[in-house]
Amino acid sequence: MSKQRALSGIQTSGTLHLGNYLGALRRFVELQDTYDTYYFLADLHSITAPQDPESLRLNITNVAATYIGCGLDPQRATLFRQSDVAAHAELGWILTTLTTMGELRRMTQFKDKSGTAKEESVGVGLFTYPSLMAADILLYQPEVVPVGADQKQHVELTRDLAERFNNRFGETFVIPKPLIAEEGARIMGLDDPTKKMSKSAASEYNYISLIDSPDEIAKKIRKAVTDSGEKIELSDDKPAIKNLLTIYALLQDRMPAEVTEEFLGKGYGDFKNALTEVILEALGPIRDRIMELTDDPAEVNRILRDGAERAEAQATKTLASVKQRMGLA
Ligand code: TRP
């Protein structure tokens with residue numbers, strides 16, 4: 001039996017961190033063994049917020065280098081950038097014409113991102129972003145879309161649009177299922193364990209970037225907030241320690257309860273030292289590989305061009321049948 005297909009994308013808007021690694025990238029890498037995988041850099045999505053051209057270009061190389069640094073094998077997985085495959089923009093437009101204002105207005109990410117800004121000044125791209133995301137997915141006919149819980153609503157809209165198209169124009173699209181990461185994979189900020197780890201946090205002590213030096217990592221773990229009391233225990237009343245235990249356990253592929261036992265009777269200091277070691281050991285080789293690749297942007301571009309060629313072959317086929325069915329060809 002041929003493998004099922006999995007597809008996901010990641011925005012190119014900055015350095016990726018330990019939370020991205022444990023929550024998404026690591027899973028993307030695991031999936032390449034069991035699925036036919038397509039992963040892309042969502043650069044057309046990242047321009048829904050203003051981007052400086054020079055930084056955007058650098059971020060694209062960095063995010064691609066990070067995917068590969070985390071273990072993605074561009075021979076097995078198809079790694080490409082969205083804007084290299086024109087069919088995304090084209091199908092994006094077609095699906096926009098099938099989407100209603102009501103559907104887009106219900107998207108919680110739009111509500112969050114547009115925040116308190118007046119509707120008059122919110123970019124239309126931010127509003128229609130989910131129709132483009134639907135195109136990203138449907139072009140490749142994947143059975144599953146691995147994403148964080150925050151993207152589930154977008155994948156559900158994608159399913160609705162696929163069904164709508166199929167009903168109106170005949171069976172065309174595979175209806176994809178979201179593959180949502182478990183709750184344990186949600187890593188919280190080191191300076192505030194009540195919010196998700198985020199590269200846009202006010203303080204750099206919130207996150208560990210995948211290219212932080214060993215000294216920076218040690219310092220960030222030393223400064224990480226802890227809870228009152230002194231026991232290393234797994235409890236919802238101790239969100240800071242729970243988060244650190246989760247990081248430790250995930251990096252070692254163990255259960256947090258097991259790690260807790262190991263530190264029975266030990267203090268925060270001992271635990272933090274051990275955690276620093278575990279992080280350094282896991283991120284060291286990843287960082288080296290990322291640095292090697294960011295020093296060689298020509299090689300990264302070559303990999304992305306090769307991926308785009310393979311992606312394009314799939315995408316043009318789907319787009320051609322869409323146009324045929326709609327009477328556009
Ligand atoms: N919207 C996703 C995010 O912000 C990124 C994305 C764009 C994506 N297109 C996609 C994810 C298609 C999965 C499939 O994380």
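## A salt bridge in helix α3

Glu54 is partly exposed, at 48% relative accessibility. The model described here is predicted. Glu54 pairs with Arg57 in a salt bridge, and their closest N and O atoms are 2.8 Å apart. Arg57 is exposed, with a relative accessible area of 52%. The cut-off explains the two labels: exposed means over 50%, so Arg57 passes it and Glu54 does not.

Both residues belong to helix α3. They are 3 residues apart, which means that about one helical turn separates them.

## Other salt bridges

The model has 18 salt bridges in total. One of them joins Asp43 and Arg81, with 3.2 Å between the closest N and O atoms. Asp43 sits in helix α2 (residues 43–46) and Arg81 in strand β3 (residues 78–81), so this pair ties together parts that are 38 residues apart in sequence. Asp43 is buried, at 4% relative accessibility. Arg81 is partly exposed, at 22%.

Asp306 and Arg310 form another salt bridge. Their closest N and O atoms lie 3.3 Å apart. This pair is within helix α13, and its members are 4 residues apart, so about one helical turn separates them. Asp306 is partly exposed, at 36% relative accessibility. Arg310 is partly exposed too, at 30%. Salt bridges also link Asp33, Asp73 and Arg76 into a network.

## The nonpolar cores

In soluble globular proteins, nonpolar side chains tend to be buried together. In this model, the largest nonpolar core has 59 residues. Those with the most contacts inside this core are Leu18, Tyr21, Leu25, Tyr67, Ile247, Ile279 and Leu283. Several elements each supply at least two residues of the core, among them strands β1 (5–11) and β2 (36–42). Helices that do so include α1 (18–34), α3 (53–69), α9 (214–223) and α13 (297–326). Helix α12 gives the largest share, 10 residues.

Leu283 offers a look at the contacts of one core residue. Leaving aside neighbours within four places in sequence, Leu283 is in contact with Leu18 and Tyr21. Leu283 also contacts Ile208, Ser209, Leu210 and Ile217.

A second, separate core has 38 residues. Leu7, Leu98, Phe110 and Val122 are among them.

## Ser114 and its surroundings

Ser114 belongs to helix α6 (residues 108–114). Ser114 is buried, with a relative accessible area of 12%. A polar atom of the Ser114 side chain lies 2.6 Å from the backbone oxygen of Phe110. Phe110 is itself a member of the second core.

Not counting residues up to four places away in sequence, Ser114 touches Val122 and Leu126. Val122 also belongs to the second core.

## Positive phi in two loops

Most residues other than glycine have a negative phi. Gln141 is not a glycine, yet its phi is positive, at about 55°. Gln141 lies in the loop between helix α7 (124–138) and strand β4 (144–147).

Asp253 is not a glycine either, and its phi is also positive, at about 50°. Asp253 is found in the loop between α10 (239–251) and α11 (256–262). Asp253 is exposed, at 63% relative accessibility.

Methods
Residues are numbered from 1 along each chain as its sequence is written. This is a predicted model: local features need pLDDT of at least 70, side-chain atom pairs count only at pLDDT 80 or more; totals for chains, interfaces and linings use all residues. Side-chain values use heavy atoms; hydrogens and water are left out. Buried means under 20% relative accessible area, exposed over 50%, partly exposed in between (1.4 Å probe, protein chains only). A polar contact is a pair of N or O atoms within 3.5 Å; within protein, one must be able to donate a hydrogen and the other to accept it, and residues adjacent in sequence count only if both atoms are side-chain atoms. Contact means heavy atoms within 4.5 Å. A nonpolar core is a set of buried Ala, Val, Leu, Ile, Met, Phe, Trp, Tyr and Cys residues joined through side-chain atoms within 4.5 Å. A salt bridge is a side-chain nitrogen of Lys or Arg within 4 Å of a carboxyl oxygen of Asp or Glu.
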